[in-house]
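Here are my notes on this entry, as numbered points. Please read them with the structure open.

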Amino acid sequence: MATKGDTQQRQRVRPHSAPVPAEGENDLFSESWFPVCLSSEVSVGRVIGRNFLDGRIVIFRGDDNKVQVFSAYCPHMGADLAAGKVIGSSIQCGFHHWEFDAEGWCEKTGLGDPPPDTACLYKFHSREKFGLIWAFNGDEPWWEIPDYPKTEDELSFSVSYDVPVLPVDPWVVCANTPDWQHLKAVHRLDFNHERLYDQIEWTDHSMEYDLDAKLEQGDGPSLIARVGIYGTSFFRLYGEFMGQWICALTAFHLLGPGQTQVYYSLGTPKSDGTEADDARVAKTHQLLFNLGKSIVTDDRPILHSIKYSPGVMTKSDRALAKYLGMVRNFPRSHSSSDFIN
Ligand code: FES
Ligand SMILES: [Fe+2]
């Protein structure tokens with residue numbers, strides 16, 4: 001009997017869909033909210049330095065408890081402000097003691113020379129939410145980090161980051177959520193994907209759907225949750241797991257082109273203060289951490305070796321194809337380029 005492989009006329013040509021631009025390609029990055037550190041890493045009066053996009057930023061908390069995210073390099077001689085110190089709500093450069101106010105403008109020089117008009121830092125739009133500090137790439141945020149149906153005050157979060165860094169862009173990790181073939185193959189989730197595509201709620205920057213799944217190919221606990229991807233940089237979920245209301249973000253810090261640090265922000269309703277409820281919160285955090293960690297661990301063999309390249313697809317890839325289309329056309333810019341490099 002002839003098999004498909006015997007067909008003489010078949011040409012061996014690798015099919016390619018339109019490529020998705022890499023972060024940093026043509027000096028552009030997607031306009032998304034990226035986590036840049038944990039809230040707990042910047043206590044009042046503390047400054048830290050981090051890699052972000054293709055450069056370096058500083059994150060500090062002034063005595064007004066507000067967090068600022070600025071380009072790291074001082075416009076005087078280029079010292080890294082992470083080696084400076086926080087004074088009130090300003091940051092002082094360690095090299096010649098110029099001070100920059102909460103808007104990033106130089107307000108004072110070390111020896112009292114008038115501050116030059118042009119002496120400024122790049123100020124990123126930032127948010128402090130769900131135990132993370134976030135920075136937006138772009139001049140003006142045109143979308144927001146969404147809230148959960150419960151307020152942040154009602155919730156208790158456990159926040160951490162995962163190592164090692166993944167050698168892919170954040171959007172590659174995001175593309176796993178609409179990739180239902182992989183949810184079943186890699187993560188062993190059992191769910192009915194047949195009519196899911198029609199249920200997806202798309203916006204200009206997000207996609208969400210209701211997932212009703214059982215773990216371990218149907219042998220594990222149920223996960224009934226609203227799941228989705230925002231921009232090119234985070235996954236979020238909220239719903240029911242093991243009898244508890246839960247919410248979770250896995251958010252992806254763009255440490256550099258092709259470098260992603262995964263952060264977990266895991267929440268459940270706050271304890272009522274009793275020992276039993278404290279134990280419930282601690283146990284739920286642990287369950288969620290184990291779930292998040294096992295998902296990222298499942299993905300690692302693929303993500304550490306893949307050369308992500310959309311090729312030939314099937315019907316079950318419709319959601320993935322549409323998400324990749326969103327990423328392909330996502331607004332890109334790099335207004336901080338000159339400052340962070
Ligand atoms: S390099 Fe920062 S004050 Fe001189
Ligand atoms: Fe995955």
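1. Strands S15 (residues 222-230) and S16 run antiparallel to each other, and eight bridges link them. This is a predicted model, and the points below should be read that way.

2. One facing pair to check on this side: Leu223 lies opposite Phe241 of S16.

3. The S15-S16 connection is a hairpin with three residues between the strands. Look at Gly231 in that turn: its phi is positive, about 55°.

4. S16 has a second partner. S16 and S17 also pair in the antiparallel sense, over eight bridges. Here Phe235 stands opposite Thr250 in S17.

5. The S16-S17 hairpin has two residues between its strands. Met242 takes a positive phi in this hairpin, near 50°. Please inspect that residue too.

6. How much of strand S16 is buried? Six of its eight residues (the strand covers 234-241) are buried, so S16 is largely enclosed by the rest of the structure.

7. Helix H4 covers residues 275-303, 29 residues in total. From first C-alpha to last it reaches 41 Å, close to the 42 Å expected at 1.5 Å a residue.

8. Which residues of H4 are buried? They are Thr284, His285, Leu288, Leu291, Gly292 and Asp299. In general, residues three or four places apart on an α-helix point the same way, because there are 3.6 residues a turn.

9. The buried residues of H4 pack against three strands by name: S12 (155-161), S17 (244-256) and S18 (259-269). S17 thus links two topics of this note: S17 pairs with S16, and the buried residues of H4 pack against S17.

How values were computed
Residues are numbered from 1 along each chain as its sequence is written. Chains are lettered from A and ligands numbered from 1 in the order in which they are written. This is a predicted model: local features need pLDDT of at least 70, side-chain atom pairs count only at pLDDT 80 or more; totals for chains, interfaces and linings use all residues. Helices (H or I, at least four residues) and strands (E, at least two) are DSSP runs, numbered from the N terminus. The expected span of a helix is 1.5 Å times one less than its number of residues. A residue is buried if 20 or more other C-beta atoms lie within 10 Å of its own, exposed if 12 or fewer, and partly exposed in between; C-beta atoms are placed from the backbone. Two residues are in contact if their C-beta atoms, placed from the backbone, lie within 7 Å. Two strands pair if DSSP finds at least two bridges between them.
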